[in-house]
Amino acid sequence: MIERWLEEIGVTSNRAKAKAYGAISLSSLLLLWILATSVLEWIEPRVLPSPAQVLRQFFWILTEPFSGLRLPGHVWVSLERWGWGVFFAMIIGIPIGVFFAWAPWFKTFANPVFELLHFIPPFAYIPLAVLWFGASTATQAMVVFVAAFPSFVINSQLGVSQVEKIHVDAARVFGAGQFATLRRVVIPAAAPSIYTGLRIAISNGWMALVGAELVVGKVGLGFMISQGQENASVATIFVGVITIGCLGVTIDTIIQRSESRILPWRKNVMVNQG
Amino acid sequence: MGRIDAIRIASGMGAIVAWILIWAWLTRPGGPVPTLYFPAPDDVWTKFVRMWVRPYIGSTLIEHILSSLYIVLFGWTVAAVVGIPLGIAMAWWTKLKWIVFPIFQLIRPVPPLAWIPLTILWLGIGDTARMSVVFIAALVPWLMNSMLAVYSVDKLLIDAGKALGASDRQILMRIVCRTALPTLVAGARMALGSAWSTLVAAEILAATAGLGYVAVNASQLLDTDVLLVAMFLIGILGISLTALITIAQRFLAPWSFADVRGTNR
């Protein structure tokens, strides 16, 4: 039935059909939500608020301070904590990863500990971070750091170990020293893989940040959600969850799009593990 | 297996011993790291042994471990029961994929643990809340990999099956399900990893037992040694669960290791 109707209005290609079906599915979900909450009132607003209520809450938090800050303020605080964590993970993780590949003896020495720490989920570090730093920016930043660090190490190591040996040898023949080889040959060749590491680190860090903010803190998006839970306000939780999701997608899109600008020499590297 | 493996294992062990010695040296009485922030290895070991027999915040260590494992395995299994058939069906019937996939695309960017406050509000702080968060965390990898698993099936095999007169049902059961198993196992592993780490977060936020609960209480009571016991156990259990899946893969789909070894294909 839908099929024929779509073809009548001129939707024939598979891509367009997929989009049309998606639109139908999402809008019927929205319709169901409106029906169940506003129109038929099957579900109490205490349990599931209507879309209108969520929107109202959104604009309310946008204009009125919620526990001290408006929505952009919370977003900014979260972004700042996340930025510090990822930044430190990057400046520490990439050199260690490169060193892992460059000096195998160091890898033998450090890898068992790295593996064990890597296998402890970042959230398990939250209590330790709280113990060390209390309720400060450093706590959340440390959790983000723990979440982001391994993918920098793993991917820079992978990138360096995949550098063509002949290129390194060529540089040596032309008289490049250890450092020059590293800077001019190895790092550019490993950069795409490191960039993949950055992408993974960014999304892992974002996830860990939400966890850390749920547990500790007085501002931030995660705090907003947990505050919504305390106040039994599902609408606030929805606003927080939606904002977190949108920001996550936006950041990832920016990183993905800017890749070809930052690394113009990159063609296609199929390194995708973290 | 051979000399190279033996050397690797020996040097790994040596490295671990070296790290424990460094740790002990750093946290020695009067050492550079105060034990309030980071306990000495022998303290952690004593606490670990004692927690097996003496209950910590209500339960002995084994009860905490079992509580965590119970919830993670329950949520993971339910996610498999829902995710695998749905994923396969989505790959098989394109229209279903067109309808369901956008909803998943909408939910996927939200970190699973962001749902914790919502589940606590809806379901209270009992086991159900944690189970449903674990379920959400595990569902997406299960579903995505079941879908990818079907796509990974060689088109040639399906055509061969058709040419030999197999019905749709036979093709699905005898060709698709079997060749897709390795990807499915990878999904199982990812789902378990995601479930395990989300569970820890959920236990930190709302629980009455479990390793995450131990960790957060130890942090509040300044029991750093207990905190480290909990963290190590979380890590070791995570490694063990992953290892179990790899072992299961060896039994269920031994052919998935053939490619890694590099047979000529």
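Here are some short exercises on a predicted two-chain model, each with a worked solution.

**Before you start.** Residues are numbered from 1 along each chain as its sequence is written, and chains are lettered from A and ligands numbered from 1 in the order in which they are written. Since this is a predicted model, local features need pLDDT of at least 70 and side-chain atom pairs count only at pLDDT 80 or more, while totals for chains, interfaces and linings use all residues.

**Exercise 1. Find out what secondary structure chain A and chain B contain.**

Step 1: Helices (H or I, at least four residues) and strands (E, at least two) are DSSP runs, numbered from the N terminus.
Step 2: Chain A has 11 helices and zero strands.
Step 3: For chain B the result is 12 helices and zero strands.

**Exercise 2. Compare the radius of gyration of each chain with that of a compact globule.**

Step 1: The radius of gyration is taken over C-alpha atoms, and the globule rule is 2.2 Å times the number of residues to the power 0.38.
Step 2: For 274 residues a compact globule would come near 19 Å, but chain A has 24 Å.
Step 3: For 265 residues the globule would come near 18 Å, but chain B has 23 Å.
Step 4: Now look at the spans along the principal axes: the C-alpha trace of chain A covers about 80 × 60 × 30 Å, and the C-alpha atoms of chain B fill a box of roughly 80 × 55 × 30 Å.

**Exercise 3. Locate the domains and give the separation of their centres.**

Step 1: Domain bounds come from an automatic or database domain assignment.
Step 2: In chain A, the assignment gives domain 1 (2-43) and domain 2 (60-262), and their C-alpha centres are separated by 37 Å.
Step 3: In chain B, the domains are domain 1 (1-33) and domain 2 (35-261), with C-alpha centres 31 Å apart.
Step 4: Two residues are in contact if their C-beta atoms, placed from the backbone, lie within 7 Å. Between the domains of chain B, the contact takes five residues from domain 1 and six residues from domain 2.

**Exercise 4. Describe the side of chain A that touches chain B.**

Step 1: The contact takes 41 residues from chain A and 41 residues from chain B.
Step 2: Several helices of chain A each supply at least two residues of this side, including helix 2 (14-39), helix 9 (178-215) and helix 11 (234-262).
Step 3: Sort by class, where Ala, Val, Leu, Ile, Met, Phe, Trp, Tyr, Cys and Pro count as nonpolar, Asp, Glu, Lys and Arg as charged, and the others, Gly among them, as polar. The side of chain A that touches chain B then has 31 nonpolar, nine polar and one charged residues.

**Exercise 5. Why is helix 10 of chain A described as largely enclosed?**

Step 1: A residue is buried if 20 or more other C-beta atoms lie within 10 Å of its own, exposed if 12 or fewer, and partly exposed in between, with C-beta atoms placed from the backbone.
Step 2: Eight of the 10 residues of helix 10 of chain A are buried, so this helix is largely enclosed by the rest of the structure.
Step 3: Among the buried residues are Leu221(A), Phe223(A), Met224(A) and Ile225(A).
Step 4: The buried residues of helix 10 pack against helix 4 (71-102), helix 9 and helix 11 of chain A, together with helix 5 (116-123) of chain B.

**Exercise 6. Is Val39(A) buried or exposed?**

Step 1: Start with its place: Val39(A) lies in helix 2 of chain A.
Step 2: Val39(A) counts as exposed because it has 10 C-beta neighbours inside 10 Å.

**Exercise 7. Explore the largest nonpolar core.**

Step 1: A nonpolar core is a set of buried Ala, Val, Leu, Ile, Met, Phe, Trp, Tyr and Cys residues joined through C-beta atoms within 7 Å.
Step 2: The largest one has 132 residues, and Val143(A) and Ala230(B) are among those that touch the most other members.
Step 3: Helix 6 (residues 127-151) of chain B gives the largest share of this core, 16 residues.
Step 4: Leaving out residues up to four places away in sequence, Ala230(B) touches Leu211(B), Val214(B), Ala215(B) and Ala218(B).

**Exercise 8. Where in chain B is confidence lowest, and where is it highest?**

Step 1: pLDDT is the predictor's confidence in each residue, from 0 to 100.
Step 2: Chain B averages a pLDDT of 85, and 96% of the residues score at least 70.
Step 3: Confidence is lowest in helix 12 (residues 258-261) of chain B, at a mean of 50, and highest in helix 3 (residues 61-92) of chain B, at 91.
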